[in-house]
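New to this one? Take a look at the structure below, and then we'll walk through a few spots in it together.

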Amino acid sequence: MNEVELELVGRFRELFKRKSMRISIEPGTSLLKIVTELGRAIGVDLRSEFIGPDGKPMEESSLIIVNGRVIDLTRMGEQFIKPGDRIVLAPSVAGGG
Amino acid sequence: MKGYAGKYLIIDLTRGKTSMGRVDESFALNYIGGYGFGARMLYDMMPKPAEVDPFSPENVLIWWTGPLAGTISSAGNKYAVFAKSPLTGIFGFGISSGLFASEFKSAGWDGVVFTGRSEKPVYLTIDDENIELRSASSIWGRTTWETEEMIKEELGDESFTVASIGPAGERMVRLANITNERNRQVGRCGLGAVMGSKNLKAVAARGTKDVEVFDIEGLVKFIAELNERCQGPATEKYRVYGTPANILVHDKLGCLPSYNFQRGTFEYAEEVSGEMMLKTHVKKIVACAGCPIACDHVNQAREAYAGTVSSVDYESLELLGPNCGIRSLDTITKAVEICDTLGVDTISAGNVVGWAMECFERGILTKDDTDGVELRFGNDEALLEALRRMCLKEGRLGMLLSEGVRRASQIVGKGSERFAVHCKGLEWAAYELRSLQTSTLGFAVSNRGADYLRSGSYQVDVKGQVDRLRLDKSRGKIVYDGENQYAVIDSLIICKFTRGVFKSMGELAKLYTLVTGLSMTGEQILKAGERIHNVARCFNVKCGVTRKDDYPPPRAFEDPLPDDIVKGAVIRREEYEEALDGYYECRGWSRNGVPLKRKLLELGLSKEAEEVGVEA
Ligand code: SF4
């Protein structure tokens, strides 16, 4: 099965109305493509959670974690996902009052 | 100059005498307020800090607001307290929010300095110009929440705000904090115990004056813009979930300390997550005076401790939860209530109990040592009992824990020091040591000890901007930049949750100028931040701090993480040394961590250059 596990945290749970889901991918699909298509499926510009209008990550951009590694958001197009990978969409970390 | 009241109180508790000091323009420009004023004054008032017992009358206790307190500035109503810390033996400092700073400033004062020790318990009332030390005999022994109510009743006025200590502070528990408005604390460094040592139970303030600002029109316009930004994505996480949102994110990153920092994930993270808390326990969300964000999530426990209400942030939730193996939000809510009412810092409390649980499970502590408490990870009742005894210094267990993790581990010995997770005696906060390595460097070099609030260096780790499982020389610059910026934020004093709202240091300088009328650029204000940081370091050097003190605990180097996603992560000693060298180089300090004379002179610190600075 060409499936990856998608885990959702914080506001992403509200957007997708679930905690996790499995999605089928073609081997070698880029993370950017996955994010774009996931957004299309729920009718939201999901990419804008991670990348600003200027194409760069924002100060408080959300995080994408693949197999425990935080992804450089400027290179989502070059990050290829394999079946069995675990992708987490999470808000950025908040701390220090 | 506007914004500042221009004067502060000096209270000699030994003689019961009150006098006044002035805040002049040069002091204001060089040190801004809050952290800056505290560092400058502690350095000046305690020329030989190494010789001062923190519990002696010679320790000074200093409270400052910043220039923004009492104005319409968003999230600027904070106050800071300083003393030599009884927990760390070095520069002690803590900040609290709420309404207190605004009332205090509106009474016409920027700060208050306490010297000496009162013979009997007292509390201070500041009612505009009317300053009075009143007997605290009838409130001594009361919890912080009871104290607040009793003082308001005694003064016959609900509009007083009260900052007080609980029984832990009175008993000089080294983790004791200062609480205002029930849920807001000057948490770290045991400054509540310094109040206790001075027989000072509380400060109650009420002010009726407007705090004048220099350019009200410009300020209103700028604040409106900032408030609008405060409603944007930069602060959404604070508004909706509050900081507990970190639990699941940290778990997914393998940087959620559990079982006394033995692991970086928690198998029950979902059960204690911010998401779960919002669904099942959050009763209301409240804000500090004038803050458009409102991040404070107040919990109500359900079945187990029905009726218990407490404000639970990420740090409290994490250290009293996963770090002690606890998976019940009810228990954590109760644990926070015990800490808040009896008056101890939840971070240090969760850390030291976690250490004791590990020692118990390893057989280093026995039931004899714990007075019969089965102090195992995940034992809810044991956690609550240990906290209660610690706050009251009750029995062998209570006495031991009340010393804080460094001292407690030295008392116990038998290798337990290896499991004590602290730096310079301050208990490590809820950020994993080995899977956030820039953060670890930032904690370890901090002036307060293991400090999560002085550089924000975890941000580059969690944003994936660096390899968070390794270190290199360049991390020193990241910590250095963060510390200087945070020194400005903590001197203004403005809430760090707004940091994503300001686009540059220039905007912070603009806010300062609109309020005070004193001209300031982004570069100048950042320089002030660097100056402030160096003054605090010089105080610490006088206390004996050098390079040897700027290291994380042994666990960081010796115990690789077992969790799948960060398996084997550990700090390599040679990489840490390199990063530390990089940090000292940026700071202009010697390889031994002592500021160089030329750096101090460049910052206008000639007194420090003479007393502390070393040649290159
Ligand atoms: S963000 Fe939270 S802690 Fe900061 S000022 Fe606002 S309510 Fe207070």
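Here is a short tour of the ligand shell, the meeting of the two chains, and some residues of chain B.

Keep in mind from the start that this is a predicted model.

Let's begin with the ligand. Which residues sit around it? They are B:Ala75, B:Arg184, B:Ala287, B:Cys288, B:Cys291, B:Ile293, B:Ala294, B:Cys295, B:Cys495 and B:Phe497. Sorted by class, this shell has nine nonpolar residues, one charged residue and no polar ones.

Next up is the place where the chains meet. Here 23 residues of chain A are in contact with 32 residues of chain B. The size of an interface is often given as the accessible area lost when the parts come together. Between chain A and chain B, the buried area is about 2400 Å², and carbon and sulfur atoms give 56% of that.

What about salt bridges and polar contacts? There are three salt bridges between chain A and chain B. One of them pairs the side chains of A:Lys19 and B:Glu270, at 3.8 Å from N to O. Six residue pairs are in polar contact between the two chains, counting pairs with both residues at pLDDT 80 or more.

On the chain A side, helix H1 (11–16), strand E4 (63–66) and strand E7 (86–90) each supply at least two of the residues that touch chain B. H1(A) gives the largest share, three residues. By class, this side of chain A has nine nonpolar, seven polar and seven charged residues.

Now for some single residues in chain B. B:Ser348 lies in helix H13 (residues 346–361). Its side chain makes a polar contact of 3.1 Å with that of B:Asp345. Leaving aside residues up to four places away in sequence, B:Ser348 touches B:Leu87, B:Leu175, B:Arg188 and B:Glu427. Is B:Ser348 buried or exposed? With a relative accessible area of 1%, B:Ser348 counts as buried, because the cut-off is under 20%.

Two loop residues also deserve a look. B:Ile32 has a positive phi although it is not a glycine, and B:Tyr259 has a positive phi without being a glycine too. Here they are, one per row:

| Residue | Phi | Loop in chain B | Relative accessible area |
|---|---|---|---|
| B:Ile32 | about 65° | between helix H1 (25–31) and helix H2 (34–45) | 0% |
| B:Tyr259 | about 50° | between helix H9 (246–253) and helix H10 (274–280) | 13% |

B:Ile32 is buried, and B:Tyr259 counts as buried as well.

Methods:
Residues are numbered from 1 along each chain as its sequence is written. Chains are lettered from A and ligands numbered from 1 in the order in which they are written. This is a predicted model: local features need pLDDT of at least 70, side-chain atom pairs count only at pLDDT 80 or more; totals for chains, interfaces and linings use all residues. Side-chain values use heavy atoms; hydrogens and water are left out. A residue is near a molecule or strand if one of its heavy atoms lies within 4 Å of it. Ala, Val, Leu, Ile, Met, Phe, Trp, Tyr, Cys and Pro count as nonpolar, Asp, Glu, Lys and Arg as charged, and the others, Gly among them, as polar. Contact means heavy atoms within 4.5 Å. Buried area is the accessible area (1.4 Å probe) that two parts lose on being put together, summed over both. A salt bridge is a side-chain nitrogen of Lys or Arg within 4 Å of a carboxyl oxygen of Asp or Glu. A polar contact is a pair of N or O atoms within 3.5 Å; within protein, one must be able to donate a hydrogen and the other to accept it, and residues adjacent in sequence count only if both atoms are side-chain atoms. Helices (H or I, at least four residues) and strands (E, at least two) are DSSP runs, numbered from the N terminus. Buried means under 20% relative accessible area, exposed over 50%, partly exposed in between (1.4 Å probe, protein chains only).
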